[in-house]
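Student: I am new to this structure and would like to know what stands behind the terms used for it. Please show it to me first.

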Amino acid sequence: MSDYIVLVKQVPDVSQITDNAFDPETGTLIRTRLASVVNELDAQALAFASYMRQISGDQKARIVVLTMGPPMAVEVLRYSLGRCADKVVLLTDRALGGADTVATANPLAFAVRKIVKEILKNDHDYYVVCGMQSVDGDTAQVPPQMAEELGLPCIAYVTSAEFKRNRFEFTRIISGGSQVVAPKKLPAVVTVAKYEYPLFASFTKTRWANEAEVITWGSEDIKATHIGVKGSKTSVIRVFPPGKSSRKCQHVNDAKSLAKVLVDGFKSGDGHAGQGKDAKTSRYALPLKRASLFDRSFEGTQKEQADYRLLADKLAEAGAKAPDQIDAAMKEKVLASSGGQFHQKALDDMIGGLKCTEPSFKGEVWVVAEHSDGVVHPATFELTGKARDLADSLETKVGVCLAGSGVEPMAKELIAAGADNVYVIEDKLLAVFDAIAYRKAIADAINTYWPQIVLYAATPQGRMLAPMVSYRVGCGLTADCTGLDIRDSSRKGDIGLLLQTRPALGGNVMATIRTKDSRSQMATARPGVMKRIPADASRKGKVIRHGVSLSQDDISLDIIKTELGAGHVNFGASVIVSGGKGMQSRDNYEHLVGSLCEGLARTLDTRVERGASRAAVEQGFIERAHQVGQTGTSIGPKLYVALGISGAIQHMIGVANTETIVAVNSDPNAPIFKQCDYYIVGTVEDTIPQLVEALAAV
Ligand SMILES: Cc1cc2nc3c(=O)[nH]c(=O)nc-3n(C[C@H](O)[C@H](O)[C@H](O)COP(=O)(O)OP(=O)(O)OC[C@H]3O[C@@H](n4cnc5c(N)ncnc54)[C@H](O)[C@@H]3O)c2cc1C
């Protein structure tokens, strides 16, 4: 029978952020001003492991909880002991600090090995159970990367488990629906996306927890291969506050006023229309393609850009025309005339940087294609458009890596969307997505052709596959990027780097990250942010077939059932009304969403379609095909009305391209109110009938 190793993390409590938690000068979050709590999804993972133990009927199964963090992280271990943990391990060492996901997953994997050896006495019948992601990192990369280090299958985004025929079957979230799977063999890693049954600590257990042994290991005890800043493969180069939402976020007092706003807004089209998209700035050009050899206007930070502008002016005054003409006398002149702006060493570095003109990375810009039933995922087309832009700047080609069975016909569409080369990996064993088989195929292609950039869609599939592939090929990875730009860091001799910008800490800060110590720069990018370029059927491209040897041993999961949305939903309609879990029942959904759809169709004289949040679909309020969001459909109507929907990121990603978003929610602090144009605080039961009546009177 299985044992359980649960990973928990101590994180800042981002749900309690107040204004004084931000640095007034930089606008960034001061983490020490926030309380530390157990990461909510890890608490759910702990409860999930306890539930697994209970339904397996094996009360002797051990739950060992592991955390990596500062000494104070012992608090989350006491929390775990007070609930269901039998043993706890604290991995703590200054040397482990400042790590990215690679240098976090690696020591955790080594600690898991030591737990298996010393606590589980080499019994390999175990599950590693973790939360899907932590609120501070928000990457979801650590569990799959740890699985890759341990050579284990990883079942991500699990929402429930059943114990049948002496094994666990897990229900997990996938694009377009859900799937029931079981690992072919143990051990295995499971990440929990949602488990809403909390564990409570009894008084006796809490007393015991406060005295129980905490096994403490340092970095020397586990002998990991990648730790801390040194072992990381990405580095943060800038943290900055997120831009203000470009939505209006306007409170409306009553249904009558809301009806007027809806009708006026729809008729005048005063919405948001495509704002927040991947903003166009002037396109990067390689140094030798710029008008002046001293032009360094694409440095990674504004300070570096300003320094190089000043240097270019001073060099021109000193009579220099090219970097190799700069002699000692000219340097003296620059130093003397720059008003103390440059020191000798900085000046030498900057002039050295001017001599660097060749890109630091070589190779194509790649996109890893996602597809299902012969249809390419829209996010793959968006990324191909972005890759085209990046490749044109870097004067290289766009490659799309297309793995599957019977996938070659899709190559034509990818070429029309901007690809120069489509690398096709065909194998019957790739007919259904299995992360272990796919990561082997894609890593093999990367190891053969070494593109300089690899982009994956930040869908459940991409966020599972990319961490495994990047770890396998030894490269850094940035999760869920909303900005990708090419920039230089000339002083360090780095030209044509991919700067990867992403929200972190629950969207409270933005971070710009670069790859280091890697042969390729890798990122997952948020669907709906990058722009697809118009398809051009006359574009020419090549299909390159890449063979990879796969066997049944590469298939890690039994796929027991897949449930995908079926039926046609007209998401091209100009108005979509969605109901969430706040609709309370299928009858309420039917009656309230139905009546508002009819009212809007009549008053605005337009087609109106029904949508839903994932939670509403899971409650059975409406069929799966109506789900809007990251794992449903991404839509861009003129008007989106969200009824009883909280505004989770996975939902809002799917409506980012909507012109006007209106929300009705009974919770005055509902997160959706900060992401919409107009909102009303009230129950759907009270508000919708009034709104329908008011619409009829407009
Ligand atoms: C990998 C992954 C992918 C996902 N993909 C998607 C996706 O594609 N689409 C999606 O929607 N979600 C997705 N989710 C789930 C998402 O994280 C949220 O759980 C989900 O969007 C919540 O739906 P909801 O807002 O309807 O429910 P809740 O978050 O439970 O919110 C219900 C809201 O209703 C309000 N309410 C309650 N009663 C009333 C009332 N009487 N009147 C008015 N308001 C009321 C509450 O205040 C609350 O704000 C995904 C999650 C994961 C992990």
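Student: What makes the pair formed by Gly644 and the ligand a polar contact?

Tutor: In this predicted model, a backbone N or O atom of Gly644 is 3.1 Å from a ligand oxygen atom. A polar contact is a pair of N or O atoms within 3.5 Å, so the pair qualifies. Backbone N or O atoms of Lys581, at 2.7 Å, and of Gly632, at 3.3 Å, also pair with oxygen atoms of the ligand.

Student: How much of the ligand does the protein bury?

Tutor: The protein buries 83% of the 980 Å² that the ligand exposes when taken alone. These areas come from the Shrake-Rupley method with a 1.4 Å probe.

Student: Which elements give two or more residues to the shell around the ligand?

Tutor: They are helices H16 (614–618), H17 (649–652) and H18 (684–697). A helix here is a DSSP run of H or I, at least four residues, numbered from the N terminus.

Student: Why is helix H4 called largely enclosed?

Tutor: Buried means under 20% relative accessible area (1.4 Å probe, protein chains only). In H4 (residues 142–150), 8 of the 9 residues are buried, so the rest of the structure largely encloses this helix. Among the buried ones are Val142, Met146 and Leu150.

Student: How do you know which values to use?

Tutor: Residues are numbered from 1 along each chain as its sequence is written, and side-chain values use heavy atoms, leaving out hydrogens and water. Local features need pLDDT of at least 70 and side-chain atom pairs pLDDT 80 or more, while totals for chains, interfaces and linings use all residues.

How values were computed: Buried < 20%, exposed > 50% of the residue type's maximum accessible area, 1.4 Å probe, protein only. Polar contact = N/O pair within 3.5 Å; in protein donor to acceptor, adjacent residues only side chain to side chain.
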